[in-house]
Amino acid sequence: MAKLCFLGHAAFKVTGENASILIDPFITGNPVAAVKSEDISDVNYILVTHGHGDHLGDAEPIAMRTGATVVANAELCAYLEGKGVACHSMHIGGSYTFPFGRVKMTPALHGSDIQTEDGLVPGGNPCGFLLNIDGVTIYHAGDTGLTMDMQLLASENVKIALLPIGGNYTMDVHDAAKAVGFIRPEIVVPMHYDTFPVISADPIEFIKAVGGKAEVRVVKPGEVFDI
Ligand code: NI
Ligand code: MN
C-alpha cells in the first residue's frame with residue numbers, strides 16, 4: 001500500500017512499492033516545512049507542477065544529490081537539464097507509464113515563470129498531475145483557479161485530491177469545494193494555505209463548503225497516511 005506524507009504547503013512525498021516520489025518540494029524557505037532538504041534521501045522521481053519558487057523549490061539540489069528524475073513540462077525540464085538535472089519532459093494532456101505507475105499532466109490556470117539570479121525565465125505552462133501508483137489515483141492540482149476542465153477528472157477515478165484552498169493565487173475554500181463536486185474524489189486534502197498570511201484559510205470552512213461530497217482530511221506537515 002502506498003503512503004502519502006504531507007511536507008507542508010503543496011509538497012508531498014508518495015512512497016509506493018517501487019518508488020519514492022516528491023511533488024513540489026518547496027522545503028528551504030518554507031516556514032511550515034516538515035523536513036530539511038538535506039535530510040531527504042531515497043527519492044526516485046520529483047514531479048514539479050510549475051516554476052514558481054514555492055513549487056520548484058528544492059527540486060534541483062535534491063535531484064542532483066539523489067539522482068532523482070524530475071518530471072515537469074518541457075520548458076522547466078530544459079531549464080533544469082541545463083543545470084545537469086535528469087528530466088523526463090511531458091506536456092498538458094500527455095500521460096506516460098513510468099516503472100512506478102502512470103502520470104498524466106493536467107491543465108492548471110496559473111503562471112509558471114522561474115525566478116533566477118538573472119531575472120525571470122519562462123517556465124512554460126503550469127500543470128497538475130494525476131498519479132496512478134499501486135492501483136490508486138492521486139490528483140495534485142498544482143496552483144490553479146477553478147476550471148470547468150476539472151469536470152473531466154470525474155472519469156479518472158481519483159481516490160485522493162490534493163487541492164489548494166488558500167485563495168489569492170489559487171482557488172479559495174468555496175471554489176475548491178466546487179472543484180470537489182467536479183472531480184468527485186473519495187478523499188480531499190486541502191493544501192497551499194496558512195503558509196503565509198496572504199493565503200490564510202480555515203479548513204473547517206472548507207469542510208462545511210464540501211458538505212459531505214468527499215471525506216476532507218486536514219493534515220499537518222509531517223503527517224503520513226496510507227492510501
Ligand atoms: Ni504558483
Ligand atoms: Mn504556489
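Along the chain, the donors of the manganese ion (ligand 2) follow the spacing D-H-x87-D-x48-H. This is a predicted model, and the account below moves from the two metal ions to the salt bridges, the aromatic rings and a surface patch.

**The two metal ions**

The residues behind that spacing are Asp54 (OD), His55 (NE2), Asp143 (OD) and His192 (NE2), which coordinate the manganese ion (ligand 2) at 2.1 to 2.3 Å. Within this group, Asp54 and His192 link distant parts of the chain, for Asp54 belongs to helix H1 while His192 sits in the loop between S14 and H5, 138 residues apart. Both Asp54 and His192 are buried.

The nickel ion (ligand 1) has as its protein donors His50 (NE2), His52 (ND1), His110 (NE2) and Asp143 (OD), which lie 2.2 to 2.3 Å from the ion. Their spacing along the chain reads H-x1-H-x57-H-x32-D. What geometry does the site of the nickel ion (ligand 1) have? The site is irregular, with angles of 89 to 176° among its 4 donor atoms. A tetrahedral site with four donors would need all angles to lie between 85 and 135 degrees, and the angles at the nickel ion (ligand 1) reach 176°.

Which residue bridges the nickel ion (ligand 1) and the manganese ion (ligand 2)? Asp143 coordinates both ions, which are 3.3 Å apart. On the nickel side, His52 lies in the loop between strand S4 (45–47) and helix H1 (53–56), and His110 in the loop between strand S8 (101–107) and strand S9 (114–116), so this pair ties together parts that are 58 residues apart in sequence. His52 is partly exposed, at a relative accessible area of 25%, and His110 is also partly exposed, at 24%.

**Salt bridges**

Side chains of opposite charge can pair when their charged atoms come close. In the whole structure, a search finds 5 salt bridges, and the table gives some of them.

| Salt bridge | Closest N to O distance |
|---|---|
| Lys3 and Asp226 | 2.6 Å |
| Lys104 and Glu156 | 3.0 Å |
| Glu215 and Arg217 | 3.0 Å |

What does the salt bridge between Lys3 and Asp226 tie together? Lys3 lies in strand S1 (residues 3–8) and Asp226 in strand S16 (residues 224–226), so the pair ties together parts that are 223 residues apart in sequence. The relative accessible area of Lys3 is 38%, which makes this residue partly exposed, and Asp226 is partly exposed as well, at 40%.

The side chains of Lys104 and Glu156 also meet in a salt bridge, and this pair links distant parts of the chain, with Lys104 in strand S8 and Glu156 in the loop between strand S12 (136–140) and strand S13 (160–164), 52 residues apart. Lys104 counts as partly exposed at 28% relative accessibility, and Glu156 counts as partly exposed at 26%.

In the salt bridge that Glu215 forms with Arg217, the two partners are again partly exposed, Glu215 at 39% relative accessibility and Arg217 with a relative accessible area of 25%.

**Aromatic rings**

A pair of aromatic rings is described by the distance of the centres and the angle of the planes. The count of aromatic pairs in this structure comes to 6. One of them joins Tyr45 and Phe98 in an edge-to-face arrangement, at 5.4 Å centre to centre and with 70° between the planes. This pair links distant parts of the chain, since Tyr45 is in strand S4 and Phe98 in strand S7 (residues 95–98), 53 residues apart.

Are Tyr45 and Phe98 buried or exposed? Tyr45 is buried, with a relative accessible area of 14%, and Phe98 is buried too, with a value of 6%; the limit for buried residues is under 20% relative accessible area. Tyr45 and Phe98 also belong to one aromatic cluster, which they form together with Tyr96 and Phe100.

**A nonpolar patch on the surface**

Tyr169, Phe196 and Val198 make a nonpolar surface patch of about 280 Å². Val198 is found in the loop between strand S14 (187–191) and helix H5 (203–210), and at 44% relative accessibility this residue counts as partly exposed. The loop between S14 and H5 also holds His192, one of the residues that coordinate the manganese ion (ligand 2).

Notes
Residues are numbered from 1 along each chain as its sequence is written. Chains are lettered from A and ligands numbered from 1 in the order in which they are written. This is a predicted model: local features need pLDDT of at least 70, side-chain atom pairs count only at pLDDT 80 or more; totals for chains, interfaces and linings use all residues. Side-chain values use heavy atoms; hydrogens and water are left out. Donors are N, O and S atoms within 2.8 Å of the metal (3.2 Å for Na, K and Ca); water is not among the atoms, so sites may look incomplete. Four donors count as tetrahedral if all angles lie between 85 and 135 degrees; four count as square planar and six as octahedral if opposite donors are over 155 degrees apart and all others between 65 and 115; anything else is irregular. Helices (H or I, at least four residues) and strands (E, at least two) are DSSP runs, numbered from the N terminus. Buried means under 20% relative accessible area, exposed over 50%, partly exposed in between (1.4 Å probe, protein chains only). Patches are made of residues with over 30% relative accessible area and no salt bridge: like charges are joined within 9 Å, nonpolar side chains (Val, Leu, Ile, Met, Phe, Trp, Tyr) within 5 Å. Accessible areas come from the Shrake-Rupley method with a 1.4 Å probe; for residues, only the protein chains shown count as cover. A salt bridge is a side-chain nitrogen of Lys or Arg within 4 Å of a carboxyl oxygen of Asp or Glu. Rings of Phe, Tyr and Trp (its six-membered ring) pair if their centres lie within 6.5 Å; planes under 30 degrees apart count as stacked, over 60 as edge-to-face and the rest as tilted.
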